[in-house]
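Colleague: Before I rely on the labels attached to this model, I would like to hear the reasoning behind some of them.

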Amino acid sequence: MTGGDMRSAKGPAHGPATDLERNPAPGRARTRVPRPRTARTARTVLTTLVAALLPVGCGSSDGLPGGRPPSPEEVIRVVPHDGAHGVGTGGRFEVRVPAGRLERVEVLRTGDAGRQRVTGRISRDGLTWRPAPGELAPGSRYTVDAVARDGAGHRAARHTTFTTSAPPGAFVGFFTPEDHTTVGTGMIVSLEFSRPIADRAAVERAVTVSGRPAVEVAAHWFGNQRLDFRPRARWEPGTDISLDLRLQGVKAGPDAYGTQRKTIHYHVGRDQITTVDAARHTLTVRRGGRVLATFPVTAGDAENPTYNGKMVILERRSVTRMNGRTVGFGGDYNIPDVPHAMRLTRSGTFVHGNYWARPGIFGGTNTSHGCVGLKDVKGGGRDTPAGWLFRHSIVGDTVQVRHSRGGRRGNTVAPDNGLGGWNIPWERWKRGSALR
């Protein structure tokens with residue numbers, strides 16, 4: 001699964017990681033948990049930029065009770081294997097545990113019709129999940145999220161992906177979240193194409209993003225496989241966003257033709273901005289300009305600082321795994337059940353719950369590998385700081401980090417690392433269109 005910041009001063013990230021705290025030092029923490037409020041929450045989604053490519057990681061397992069639990073790969077086994085490409089449509093597909101019981105399995109398919117849930121069922125003995133009868137769809141990316149308990153009762157979560165073979169010459173644009181999702185005002189509509197696009201102008205002409213009420217929206221290419229759309233400033237609450245894909249028959253290059261013809265709708269909810277002050281170790285939530293809550297946090301340490309800049313919540317997971325080996329931190333940490341995790345970057349920066357650090361860490365010291373940690377309990381508490389933030393946040397909400405210092409590399413988030421396009425000035429953003 002995922003969890004933590006997969007970029008580090010030590011090298012690039014290549015998989016899930018987490019934000020476990022290393023060498024914690026005590027400090028004074030001020031915790032104010034507001035009374036619970038109701039909030040309309042977007043359906044939990046996987047990463048906005050195609051979960052298959054996103055690593056997770058941020059912390060260390062120092063201080064975890066009971067030693068190191070078995071790895072999620074040992075507890076939960078998925079066929080096809082993680083990262084498999086070109087899987088045949090008639091291939092075997094299942095999730096199983098050798099002992100214990102599956103608690104939850106969620107499978108999403110991203111293809112020419114966007115993101116869709118795959119129906120299936122867990123067997124009566126709890127050992128196996130299989131999809132409903134029918135072949136896998138061609139040219140699609142599947143993401144699997146499973147939670148299980150092993151024979152000793154340890155809880156583990158696993159996230160895997162695989163891709164099925166596509167018809168020769170076809171290309172599709174993958175997008176998330178799914179149709180009819182309510183999103184935050186910081187949402188950037190992002191498409192990732194299944195193959196490099198030679199004629200970017202032709203493809204861009206076939207894709208339209210619009211808002212109601214009307215607002216100017218501009219396109220920006222990141223390389224030849226990713227196309228993002230955003231307005232000058234954050235969307236107004238109540239705006240209805242439409243993504244029109246008219247790619248069917250569009251020639252993107254030699255022997256490369258689009259297959260999609262579809263309209264996707266999003267609704268913009270309330271305007272919420274979460275600001276992290278890494279120097280003061282605080283996280284402040286504002287909705288409509290009014291402060292809702294302030295919590296003490298721990299952010300990235302001097303060697304692995306949290307990125308500064310504007311980021312957007314890409315996905316929300318009630319529990320996830322964070323493994324240092326997937327993001328270049330070796331065996332520093334491997335936490336199978338990080339609660340209340342919300343991804344901010346493609347490289348693995350998360351805001352998440354932390355049940356293993358001493359209370360004095362929060363509000364007192366930055367100790368993580370780049371993530372932002374809030375106080376939580378094992379299994380995730382509803383009214384802990386992390387639980388409260390999780391319940392009151394949706395995909396598309398803006399998270400801005402300030403005053404994060406240190407590290408041996410630049411410390412501002414790259415505009416293509418997640419939905420970091422808000423860090424590009426408007427005029428420069430518009431110059432990223434292939435039609436200018």
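The exchange below takes a few labels in turn and sets each against its cut-off.

Colleague: What kind of model is this, and why is T128 called buried?

Modeller: The model is predicted. T128 has a relative accessibility of 15%, and since buried means under 20%, the label follows. T128 lies in strand 7, residues 128-131, and, leaving aside neighbours within four places in sequence, T128 is in contact with E94, V95, R96, L102, R121, I122 and S123.

Colleague: Why, then, is A414 called partly exposed?

Modeller: The relative accessible area of A414 is 32%, and because the class runs between the limits of 20% and 50%, A414 counts as partly exposed. A414 is placed in the loop between strand 29 (398-402) and helix 4 (426-430); its C-alpha is 8.9 Å in space from that of Y307, although A414 and Y307 are 107 residues apart in sequence.

Colleague: What makes F93 and F162 an aromatic pair, and how do you know which geometry applies?

Modeller: A search of the whole structure finds 9 aromatic pairs. For F93 and F162 the centres are 5.1 Å apart and the planes are at 70°; centres within 6.5 Å make a pair and an angle over 60 degrees makes it edge-to-face, so both conditions are met. This pair links distant parts of the chain, with F93 in the loop between strand 2 (84-87) and strand 3 (94-96) and F162 in strand 9 (residues 155-164), 69 residues apart. F93 and F162 are both buried, and together with W129 and Y142 they form one aromatic cluster.

Colleague: How do you know that the charged end of R316 sits over the ring of F390?

Modeller: The distance from the charged end of R316 to the ring centre of F390 is 4.1 Å, and the limit is 6 Å, with a further condition of 35 degrees from the ring normal. The charged end of R230 likewise sits over the ring of W429, 5.1 Å from its centre.

Colleague: Why are strand 10 and strand 18 said to stand at the edges?

Modeller: The open sheet of 3 strands has the order 10-19-18, with mixed pairing. Strand 10 (170-171) and strand 18 (251-253) each have a single partner strand, so one side of each is left without a neighbour in the sheet. Strand 10 pairs with strand 19 (residues 256-258) in the parallel sense over 2 bridges, which satisfies the requirement of at least two, and F171 stands opposite G258 in strand 19.

How values were computed
Residues numbered from 1 in each chain as written. Predicted model: local features only at pLDDT ≥ 70, side-chain atom pairs only at ≥ 80, totals over all residues. Heavy atoms only, no water. Helix = DSSP H or I, 4+ residues; strand = E, 2+ residues; numbered from the N terminus. Buried < 20%, exposed > 50% of the residue type's maximum accessible area, 1.4 Å probe, protein only. Contact = heavy atoms within 4.5 Å. Phe/Tyr/Trp six-rings, centres within 6.5 Å; stacked < 30°, edge-to-face > 60°.
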